[in-house]
Amino acid sequence: MTAGVSPRPVGSAFLIGYAVAYIGAFIGVAPLLQVLAPLHAEMIDGQAKGPLLSQALFWGCMAAGLGNIVGGALSDRTRSRHGRRRPWIVVGAVLTIGSYAAIQQSSTPLGLVLGLVAFQLTFNILLAPLIALFADRVPENRRSAMSAVMGMGYPLAAMIGSVVMAWGPQGEVARFATLAAVVLAATVPFALLSREDPAPADRVRAPLSGFSLPSLLHPFAVRDFTLAWTYRFLVVTGYSLVAFYLLFYIADAIGFPILFPGRSAEAGHSLLTAIAVVGVVGVSTVVAVGGSRITRRKPLAIAGGVLLAIAAAVLATTQDWTTVVVAFALYGVGQGCYGAIDIALMTDVLPSVEDRGKDLGLINLAVTLPQAIAPLIALVLLENLGLDFRSLFLAAAACFGGATLAVASIRRVR
């Protein structure tokens, strides 16, 4: 449990607004990385779409790690009558919209890389203070329920985004405009209208203090922090391998457009993500309703890792579309187990109150670094070894298995 006083009780309006902002923010990223970026890479160079997407995602996600730490640290040190976190949420949202334009206008491989770098940097300046508000404002007895709601964020965003990409506006400009409208509508009103208690004067550091490398890496001296970081890192690496290349897997490895003439690979993508979200929502709803009665997080975490590993292994070995659908249903349940406890578990292992934003930014490297490493794994498997997209799902299964071992070893969290 994080040291320090518990946050004062918050009302339902804040919790609902926070959930909307969190899910809305991810609607702005999931379809971009899973649909728009792959399609834009194919438009720039259809013959080398896989390597081009991998390179753009790698450099973008390296920027995401920097943006997360900097955004969290700056919000820790911000002194403002509007609070520490809320001003950076607004700044990050506005800059994220600008990055969409940069991606859409790119017409060369370098342009796409720079566009995704700009997006990941600015989006994580928005995300870091938004997640820090969870630790600041949500009392421990409501963390399981809120963590379950937040666990639906990325899968639900992926489903909504995929459906919008497949059945909504088909022009690229219109698609980017839709994402921009969602991000602004979900995050900016919440940041402007919600309250944020000022931090005690002795807990707000000077803007440029405490940025040394030893202070940055100090949390890794705490065993459970390191294990929780490793758990999240491996799960998200597996997620990234599945999510980034799912569209290509459906089109090339499964041959969806051939199996279902007249249907695009995007239609198959939207179907699978919708199926997975059913599992996510089912598990998350049970945990959210259980609320304070659910005090043990490790069993859910372990179950999630096992289910994800099995599902990914099946996807790597099957050629049957029906089996793919069943595996993705199982995958969704595994996602639900992981997502239902993720934020709460990470908050439980934070070593200090003063550096919550920075330490959560460090934990969020376990989200951003995998998004850079997964493309590297793909480059090795697809280019160097000459394997097909199925190999990426086998690598994902190995990641999920390792994550299960890591979370089972955490001592502080039951």
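Buried means under 20% relative accessible area, exposed means over 50%, and partly exposed lies in between. Keep that rule at hand for the exercises below, and remember that this is a predicted model.

**Exercise 1. Work out whether Lys49 and its salt-bridge partner count as buried, partly exposed or exposed.**

Step 1: Find the partner. Lys49 forms a salt bridge with Glu42, and their closest N and O atoms are 3.5 Å apart.

Step 2: Check Lys49. Its relative accessibility is 15%, so Lys49 counts as buried.

Step 3: Check Glu42. Here the value is 34%, so Glu42 counts as partly exposed.

**Exercise 2. Do the same for the salt bridge between Arg223 and Asp224.**

Step 1: Look at the distance. The closest N and O atoms of Arg223 and Asp224 are 3.3 Å apart, and a salt bridge needs a side-chain nitrogen of Lys or Arg within 4 Å of a carboxyl oxygen of Asp or Glu.

Step 2: Classify the two residues. Arg223 has 38% relative accessibility and therefore counts as partly exposed, while Asp224, at 9%, counts as buried.

**Exercise 3. Which parts of the chain does the salt bridge between Asp342 and Arg232 link?**

Step 1: Confirm the pair. Asp342 forms a salt bridge with Arg232, with the closest N and O atoms 2.7 Å apart.

Step 2: Place the residues. Asp342 lies in helix H14 (residues 321-348) and Arg232 in helix H10, so the pair links distant parts of the chain, 110 residues apart.

Step 3: Add the surroundings. Asp342 counts as buried because its relative accessibility is 8%; Arg232 is buried too, with a relative accessible area of 3%.

Step 4: Put the pairs in context. The count of salt bridges comes to four, including the three pairs treated in these exercises.

**Exercise 4. Find the residues that touch the most other members of the largest nonpolar core.**

Step 1: Start with the core itself. It has 124 residues, and Tyr18, Tyr231, Tyr249, Leu392 and Phe400 touch the most other members.

Step 2: See which helix contributes. Helix H10 (residues 223-253) gives the most to this core, with 20 residues.

Step 3: Zoom in on Leu392. Leaving aside residues up to four places away in sequence, Leu392 touches Leu241, Tyr245, Ala378, Leu381 and Leu382.

**Exercise 5. Decide whether Leu121 is buried, partly exposed or exposed.**

Step 1: Locate the residue. Leu121 sits in helix H5 (residues 109-137).

Step 2: Apply the rule. Leu121 counts as partly exposed because its relative accessibility is 31%.

Step 3: Look at its company. Leu66, Val70 and Leu121 make a nonpolar surface patch of about 230 Å².

Notes
Residues numbered from 1 in each chain as written. Predicted model: local features only at pLDDT ≥ 70, side-chain atom pairs only at ≥ 80, totals over all residues. Heavy atoms only, no water. Core = buried A, V, L, I, M, F, W, Y, C linked by side-chain atoms within 4.5 Å. Buried < 20%, exposed > 50% of the residue type's maximum accessible area, 1.4 Å probe, protein only. Helix = DSSP H or I, 4+ residues; strand = E, 2+ residues; numbered from the N terminus. Contact = heavy atoms within 4.5 Å. Patch = residues over 30% accessible without salt bridge, like charges linked within 9 Å, V, L, I, M, F, W, Y side chains within 5 Å. Areas by Shrake-Rupley, 256 points an atom, 1.4 Å probe, with all protein chains shown as cover.
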